[in-house]
Amino acid sequence: MGSLAGVRIAGVGHYTPPGILTNADLERMFATNDEWIVSRTGIKERRIGAPGTVTSDFAFAAAQVALERAGITPADLDAVIVATVSGDYQFPATACILAHRLGIRGKTAFDIEIACSGFVYSLTVGSALVRSGMYQRVLVVGAEKLSSITDYADRSTAILFGDGAGAIVLEASDVDSYLASHLGTDGADPTRLFIEEGGSAHATTTEGYASGKFAIKMRGREIYKNAVEEMVGAAKSVLAGANMTVADVDIVVPHQANARIIDSVAKYLEVPSEKVFLNIAKYGNTSAASVGIALSEAWEAGRIAPGSHVLFLSFGGGLSWGAVLWKW
Ligand code: UT7
């Protein structure tokens, strides 16, 4: 173990499967309409993995892009972290499967399961591993096949979720890009956003499966307010921690759960909408993958340049929330 070092993001990448599920497709599946979905959520379509594809397929594809852009090979990695709630299996960790697929053996690999906050939590944990001097290079991937845990008979959730993966390579650096992090949770009532069956509380049953208890359930209206409040609070906390103001932020890369939530957060923080990256219209809510996909797309679009101050925000199951402030 060395002394406290700096960390930087050396490469970013994302992958989304080619299958597209549009609002028009959903109109044919249950009573809903494009106007309702777009006005309530901002979502127009989502990507859906083909039958037989698994979360580690998306993670692998996104990781390959990030590794190539970082100019390193898998053998250079010291650790692999995957953030997911829809891993290939209940266990082993999808990170172990990803490490195997990348052709590395005997290295640290683990999952972080904190739902939609997974990428922000993993960015924080991965950065801490590098900044402590313990590791030189850590691959962080947020990856989901949410279509496998979505009940397409439940219109209140089926309109929301999609599949994909976003990846970054964290690397030790003389100049520290990590400025501040704030991570929070509130486990007071898990049933606000959860999967009822399949854990130790309720085993999977045939009847439960038939009634959608294998899938994500959410009391959306109830947690909407929490989402706005906690992301605003987390943002203020990291700005204060770094001794900065909102005016110093060049781009906000938020979890894409709902365009209205993101708009409200931006209004409370007084961030102009041009500084907020939105891609929810194309992908819907991809849980732990969403911040990574958004970051990769923002970078590809030239929205992030050396020196940019990036504010990552997340909120989701747990309830959980987080913010990371980063200097590119
Ligand atoms: O990523 C994890 C964190 N998640 C969040 O932060 C999500 C937070 N919550 C939300 O984004 C919103 O609550 C939703 C987008 C999920 C829902 O929007 P809402 O404005 O809160 O709608 P609602 O659930 O209160 O439903 C309003 C009405 C209901 O009808 P009644 O009871 O008013 O007659 C629903 O039955 O809309 C109905 N409804 C639909 N109508 C058409 C629910 N789903 C649909 C639908 N199409 N797909």
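**Exercise 1. The cavity**

Which element gives the largest share of the lining of the largest cavity, and how many residues does that share hold?

Solution. The model is predicted.

Step 1. Find the cavity. The structure holds one cavity of 30 Å³ or more. The volume of the largest cavity is about 50 Å³.

Step 2. Name the lining. M231, V252, P254, I262, V265, A266, L269, V271, V276 and L313 make it up.

Step 3. Assign the elements. Two or more lining residues come from each of β11 (251-254) and α9 (259-269).

Step 4. Pick the main contributor. Helix α9 supplies the largest share, four residues.

**Exercise 2. Character of the lining**

Sort the residues that line the largest cavity into nonpolar, polar and charged.

Solution. Step 1. Apply the classes. Ala, Val, Leu, Ile, Met and Pro are among the residue types that count as nonpolar.

Step 2. Read off the result. The lining has ten nonpolar residues, no polar ones and no charged ones.

**Exercise 3. The four-stranded sheet**

Give the strand order of the open sheet of four strands, then place the helices that contact it.

Solution. Step 1. Write the order. It is β8-β13-β12-β11, and the pairing is mixed.

Step 2. Mark the edges. Strands β8 (178-185) and β11 each pair on one side only, which makes them the edge strands.

Step 3. Add the twist. On average, neighbouring strands here are turned by 10° against each other, direction ignored.

Step 4. Look at one pair. Strand β12 covers residues 309-316 and β13 covers residues 320-327. Their pairing is antiparallel and spans eight bridges. Within it, H309 has K327 of β13 as its bridge partner.

Step 5. Place helix α5, residues 118-131. Helix α5 packs on the sheet and touches β8, β12 and β13. The direction of α5 makes about 50° with that of β13.

Step 6. Place helix α8, residues 220-241. Helix α8 lies across β8, β12 and β13. Against β12, α8 runs at about 150°.

**Exercise 4. Two residues of helix α5**

Is S122 buried or exposed? Classify V125 by relative accessible area as well, and list the contacts of both residues.

Solution. Step 1. Locate them. S122 lies in helix α5, and V125 is found in that helix too.

Step 2. Classify S122. Its relative accessible area is 0%, so S122 is buried.

Step 3. Classify V125. Its relative accessible area is 30%, so V125 is partly exposed. The class runs between the 20% and 50% limits.

Step 4. List contacts, setting aside neighbours within four places in sequence. S122 contacts I81, A83, I112 and V140. V125 touches I81, F110 and I112.

Step 5. Check the distance from V125 to I81. The two residues are 44 residues apart along the chain. Their C-alpha atoms are separated by 9.0 Å.

**Exercise 5. A glycine in a loop**

Where does G317 sit, and which residues is it in contact with?

Solution. Step 1. Locate the residue. G317 belongs to the loop between β12 and β13.

Step 2. Classify it. G317 is buried because its relative accessible area, 10%, falls under the 20% limit.

Step 3. List contacts. Leaving aside neighbours within four places in sequence, G317 contacts I114, A115, C116 and L193.

Step 4. Relate sequence to space. G317 and E113 are 204 residues apart along the chain. The separation of their C-alpha atoms is 9.6 Å.

Key
Residues are numbered from 1 along each chain as its sequence is written. This is a predicted model: local features need pLDDT of at least 70, side-chain atom pairs count only at pLDDT 80 or more; totals for chains, interfaces and linings use all residues. Side-chain values use heavy atoms; hydrogens and water are left out. On a 1 Å grid over the protein atoms alone, a cavity is a set of points where a 1.4 Å probe fits but cannot get out, and a pocket is an open set with protein on both sides within 12 Å along at least five of seven lines; lining residues have an atom within 4 Å of a point. Grid points are joined across faces, edges and corners, and a volume is the space filled by probe spheres set on the points. Two strands pair if DSSP finds at least two bridges between them. Axes are lines fitted to C-alpha atoms, for helices over the stretch in contact, and angles run from 0 to 180 degrees between N-to-C directions. Contact means heavy atoms within 4.5 Å. Buried means under 20% relative accessible area, exposed over 50%, partly exposed in between (1.4 Å probe, protein chains only).
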